[in-house]
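Here are my notes after going through the coordinates. Have the model open while you read, and check each point against it.

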Amino acid sequence: MASMHSSTGNKLENWIRSRHGDEKEVMNILQEYGVVSDNAEWAKDVGNDREAMWWVAKNFERIKKKGV
């Protein structure tokens, strides 16, 4: 039986879909902290998606509490 959750090969995109949902907010945080290029508008545009996913997974809640 097929999974109800569609996943892509992009680790960052998958993390956003499964845990947060607001792709623009996550991308803004990643860009603000220099994790991804300002040219990456969407998670699918991120070349270092695995590293970006690990960084955001580790830091996201702390950053949200502080406010970007």
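The points below go from the overall fold to helix packing and then to the aromatic rings.

1. First, the caveat: this is a predicted model. The protein has three helices and zero strands, and its elements run α-α-α from the N terminus on.

2. On burial and contacts, 35% of the 68 residues in the protein are buried. Take the contacts with a separation of 6 or more: 47% of them are between residues 24 or more positions apart.

3. How do helix 1 and helix 2 pack? Their axes are 10 Å apart, at an angle of about 125°. That angle falls outside the 65 to 115 degrees that would count as roughly perpendicular and isn't over 145, so the two helices are oblique to each other. The crossing of helix 1 past helix 2 is right-handed.

4. If you want to look at that interface in detail, pick out L12, W15, I16 and H20 on the helix 1 side. They meet E23, E25, V26, M27 and L30 of helix 2. Keep an eye on W15, which turns up again in the next point.

5. Searching the whole structure gives two aromatic pairs. One of them is W15 with F60, at 5.7 Å centre to centre and with 70° between the planes, an edge-to-face arrangement. W15 belongs to helix 1 (residues 11-20) and F60 to helix 3 (residues 49-66), so this pair ties together parts that lie 45 residues apart in sequence.

6. Are the two partners buried or exposed? W15 has a relative accessible area of 9%, so it counts as buried. F60 is buried too, with a relative accessible area of 3%.

7. Then there's Y33 with W55: the ring centres are 5.4 Å apart and the planes are at 40°, so this pair is tilted. It also links distant parts of the chain, 22 residues apart, with Y33 in the loop between helix 2 (23-32) and helix 3, and W55 in helix 3.

8. For the solvent side of that tilted pair, Y33 has a relative accessible area of 36%, which makes it partly exposed. W55 also counts as partly exposed, at 23% relative accessibility. The cut-off for buried is under 20%, so W55 does not qualify as buried.

9. One last thing to click on: K24 and W42. The charged end of K24 sits over the ring of W42, at 4.5 Å from the ring centre.

Definitions and conventions. Residues numbered from 1 in each chain as written. Predicted model: local features only at pLDDT ≥ 70, side-chain atom pairs only at ≥ 80, totals over all residues. Heavy atoms only, no water. Phe/Tyr/Trp six-rings, centres within 6.5 Å; stacked < 30°, edge-to-face > 60°. Helix = DSSP H or I, 4+ residues; strand = E, 2+ residues; numbered from the N terminus. Buried < 20%, exposed > 50% of the residue type's maximum accessible area, 1.4 Å probe, protein only. Lys NZ or Arg CZ within 6 Å of the ring centre and 35° of its normal. Axes fitted to C-alpha atoms, helices over the stretch in contact; angles between N-to-C directions. Parallel < 35°, antiparallel > 145°, perpendicular 65-115°, else oblique. Left-handed = near helix turned anticlockwise from the far one by under 90°. Contact = heavy atoms within 4.5 Å.
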